[in-house]
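This report concerns the side-chain contacts of a single structure. Please consult the sequence and the coordinates displayed below while reading.

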Amino acid sequence: QAHPVESGGGSVQAGESLRLSCAVSGGIFSFDAIHWYRQAPGHQRELVASIQSSGALYYGDSVKGRFTISRDNAKNTVYLEIHSLIPEDTAVYYCSAEEKVGPNSSDEFLGPGTQVTVSP
């Protein structure tokens, strides 16, 4: 099992940048993908970015051009850089490690989350 732990959240002004970190016990290459989600109050959890073990990347339409996902293999850490923050980015950001367990099924291990609050 993985125990992802997020860090790097905080309270910032609109226009600033943040880098969130996700440290994954067991090694990031033990998993098929690492995902970043966010959930704002009153909204469903939204997938914002993913990085596959192959290195393939995915970005949600609402964050393309402002969010960058990357990884540091030696540190077993995946990063999410957020640029030009806007108040609508305010949410709890979660990291998850996905492990495929069958042709059409997988397990995901979700971290506790880190709060990002953006003031106008």
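The sections that follow treat the disulfide, a buried acid, the aromatic and charge-over-ring contacts, the salt bridges and one loop of this predicted model.

## The disulfide

A search of the whole structure returns one disulfide. The bond joins C22 to C95, with the sulfur atoms 1.9 Å apart. The torsion about the S-S bond of C22 and C95 is about -65°, and the disulfide is therefore left-handed. Because C22 belongs to strand β3 and C95 to strand β9 (residues 91-102), the pair ties together parts of the sequence that are 73 residues apart.

Both ends of the bond can be placed with respect to solvent. C22 has a relative accessible area of 0% and is buried. C95 is likewise buried, with a relative accessible area of 0%.

## A buried acid without a salt bridge

E6 is located in strand β1 (residues 5-7). This side chain is buried yet takes part in no salt bridge. The nearest side chain of opposite charge to E6 is that of R45, at 9.1 Å. A salt bridge requires a nitrogen-to-oxygen distance within 4 Å, so the 9.1 Å that separates E6 from R45 does not qualify.

Which backbone atoms does the side chain of E6 reach? One is the backbone nitrogen of C95, at 2.7 Å. Another is the backbone nitrogen of G113, which the E6 side chain reaches at 2.8 Å. The contact with C95 brings E6 to a residue of the disulfide, since C95 is the partner of C22.

## Aromatic and charge-over-ring contacts

The count of aromatic pairs comes to one. The ring centres of F31 and F109 are 6.2 Å apart and their planes stand at 70°, so the pair is edge-to-face. The two rings come from distant parts of the chain: F31 is in the loop between β3 (18-23) and β4 (33-39), whereas F109 is in strand β10 (residues 105-110), 78 residues apart. F31 and F109 are both buried.

Arginine side chains also lie over aromatic rings. R19 is placed over the face of Y79, at 4.1 Å from the ring centre. R45, already mentioned as the nearest opposite charge to E6, lies over the face of Y94 at 5.3 Å from the ring centre.

## Salt bridges

Side chains of opposite charge can pair when their charged atoms come close. In this model, a search of the whole structure finds five salt bridges. Among them is the bridge between D61 and K64, with an N to O distance of 3.2 Å. D61 counts as exposed at 67% relative accessibility, and K64 counts as exposed at 52%.

Another of the salt bridges pairs K100 with E98, at 3.6 Å from N to O. The two partners of this bridge differ in accessibility: K100 is exposed, with a relative accessible area of 51%, whereas E98 is buried, at 11%. Elsewhere, salt bridges that share partners join R38, E46, R66 and D89 into one network. Within that network, E46 and R38 meet in a salt bridge of 2.9 Å, N to O. E46 is partly exposed, with a relative accessible area of 28%, while R38 counts as buried at 8%.

## The loop between β8 and β9

D89, a member of the network described above, is found in the loop between β8 and β9. Is D89 buried or exposed? The residue is buried, with a relative accessible area of 1%. Its side chain makes a polar contact with the side chain of R38, at 2.9 Å. R38 is thus described by two contacts here: the salt bridge with E46 and the polar contact with D89.

P87 lies in the loop between β8 (77-82) and β9. At 32% relative accessibility, P87 counts as partly exposed. The C-alpha atoms of P87 and A74 are separated by 34 Å, and these residues are 13 apart along the chain.

Conventions. Residues are numbered from 1 along each chain as its sequence is written. This is a predicted model: local features need pLDDT of at least 70, side-chain atom pairs count only at pLDDT 80 or more; totals for chains, interfaces and linings use all residues. Side-chain values use heavy atoms; hydrogens and water are left out. Rings of Phe, Tyr and Trp (its six-membered ring) pair if their centres lie within 6.5 Å; planes under 30 degrees apart count as stacked, over 60 as edge-to-face and the rest as tilted. Helices (H or I, at least four residues) and strands (E, at least two) are DSSP runs, numbered from the N terminus. Buried means under 20% relative accessible area, exposed over 50%, partly exposed in between (1.4 Å probe, protein chains only). A charge sits over a ring if NZ of Lys or CZ of Arg is within 6 Å of the ring centre and within 35 degrees of the ring normal. A disulfide is a pair of cysteine sulfur atoms within 2.5 Å. Lys and Arg count as positive and Asp and Glu as negative; His and the chain ends are not counted. A polar contact is a pair of N or O atoms within 3.5 Å; within protein, one must be able to donate a hydrogen and the other to accept it, and residues adjacent in sequence count only if both atoms are side-chain atoms.
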